[in-house]
Amino acid sequence: TLGEIKLLESRFDRFKPNISSGWRDKSLAGSGVFFDLAPHLIDQAVCLFGYPSHVYADLMIQREEAMVDDYFDLTLYYEKKRVALRSSSLICHPTARFQLFGTKGSFLSPQLDPQEGLLKQQTTPYSEPWIASTQNIGSEIWKNPNGRPNIEHIKNKAGDYGRFFSGVYDSVRNSSAPPVEPTEALNVIKLIETGLNSSKGLSRLPFEPLAL
């Protein structure tokens, strides 16, 4: 539908100008927005496009008195496309969750997956409010044939956290394949480490996935 994909922009922004007392804002192993959010964005990108050839990352501390990074801009390099993964703790207006650009059109998904918010509201999974909220996330497909913009409004397929935990259960109790292979998890960690090294030297670094 979108032709050959050339660019994916994936964002997870927040507005948290004040420093919290939680682990994310403390100088601890695994703290900071890069360790907190980048694994999710990286995993999604790898599921779509496989492993990149190179990585470039820019991590910053932007808030006053912050001890750990609260901003990152990570670029994954593929032969004919780029993936830009970004997060900031100082964005107070809604930003698009996904923007996908191809040779025949664009895909825009403006909202975060609502499942985490529903759980915080103590909404029971698979209840009527849960189903209604997860099925009503809308996106847009933009095309421009003959110089005239054409917008198609679509509904995203509902997410389902439960499938992951069912997969873990089946793996432990029934010896089925795990929902995430160890190699996949290790390579996400390696991509994060490559990003950290890239940010320290402000240089693009090659990436070679691990094979077990």
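The following dialogue considers how several descriptions of this predicted model are justified.

Student: Where is N187, and why is N187 called buried?

Tutor: N187 belongs to helix 5, which covers residues 182-201. Its relative accessibility is 0%. Buried means under 20%, so N187 counts as buried.

Student: Which residues are in contact with N187, once its neighbours within four places in sequence are left aside?

Tutor: They are Y51, F207, P209 and L210. For F207, the separation from N187 is 20 residues in sequence and 9.7 Å in space, taken from C-alpha to C-alpha.

Student: What makes the pairing of the side chains of N187 and Y51 a polar contact?

Tutor: The distance is 3.3 Å. A polar contact requires a pair of N or O atoms within 3.5 Å, one able to donate a hydrogen and the other to accept it. The side chains of N187 and Y51 are therefore joined by a polar contact. In addition, a polar atom of the N187 side chain lies 2.6 Å from the backbone nitrogen of L210.

Student: T183 is also found in helix 5. Why is T183 called partly exposed?

Tutor: The relative accessible area of T183 is 22%. Buried would need a value under 20% and exposed a value over 50%. The value for T183 lies in between, and T183 is therefore partly exposed.

Student: Which residues does T183 contact, apart from its neighbours within four places in sequence?

Tutor: T183 is in contact with Y51, L210 and L212. By comparison, Q122 is 61 residues from T183 in sequence and 34 Å from T183 in space, C-alpha to C-alpha.

Student: Why are helix 1 and helix 5 called oblique to each other?

Tutor: Helix 1, residues 33-49, packs with helix 5 at an angle of about 120°, and their axes are 10 Å apart. Roughly perpendicular covers 65 to 115 degrees, and roughly antiparallel begins over 145. The angle of about 120° fits neither range, nor the roughly parallel range under 35 degrees, so the two helices are oblique. The crossing of helix 1 past helix 5 is right-handed.

Student: Which residues make this contact, and what classes do they have?

Tutor: Helix 1 contributes F34, F35, P39, I42, D43 and V46, while helix 5 contributes V188, L191, I192, G195 and L196. By class, these are 9 nonpolar, 1 polar and 1 charged residues. Gly counts as polar and Asp as charged, so G195 is the polar residue and D43 the charged one.

Student: How do you know that T134 is buried?

Tutor: T134 is found in helix 3. The relative accessible area of T134 is 6%. As buried means under 20%, T134 is therefore buried. Leaving aside neighbours within four places in sequence, T134 is in contact with P114, Q115, L118 and A158.

Student: Which backbone oxygens lie within reach of the T134 side chain, and at what distances?

Tutor: The T134 side chain reaches the backbone oxygen of W130 at 2.9 Å. A polar atom of that side chain also lies 3.2 Å from the backbone oxygen of I131.

Student: E128 lies in helix 3 as well. What makes E128 exposed?

Tutor: The relative accessibility of E128 is 69%. Exposed means over 50%, so E128 counts as exposed. E128 and A38 are 90 residues apart in sequence and 32 Å apart in space, C-alpha to C-alpha.

Student: What is noted about phi of E65, and where is E65 found?

Tutor: Phi of E65 is near 70°, a positive value in a residue other than glycine. E65 is found in the loop between strand 2 (54-60) and strand 3 (71-77). Its relative accessible area is 75%, and since exposed means over 50%, E65 is exposed.

Student: What is phi of Q122, and why does Q122 count as exposed?

Tutor: Q122 has a positive phi of about 60° although it is not a glycine. Q122 lies in the loop between helix 2 (115-120) and helix 3. At 71% relative accessibility, Q122 is over the 50% cut-off and therefore counts as exposed.

Note on methods. Residues numbered from 1 in each chain as written. Predicted model: local features only at pLDDT ≥ 70, side-chain atom pairs only at ≥ 80, totals over all residues. Heavy atoms only, no water. Helix = DSSP H or I, 4+ residues; strand = E, 2+ residues; numbered from the N terminus. Buried < 20%, exposed > 50% of the residue type's maximum accessible area, 1.4 Å probe, protein only. Contact = heavy atoms within 4.5 Å. Axes fitted to C-alpha atoms, helices over the stretch in contact; angles between N-to-C directions. Left-handed = near helix turned anticlockwise from the far one by under 90°.
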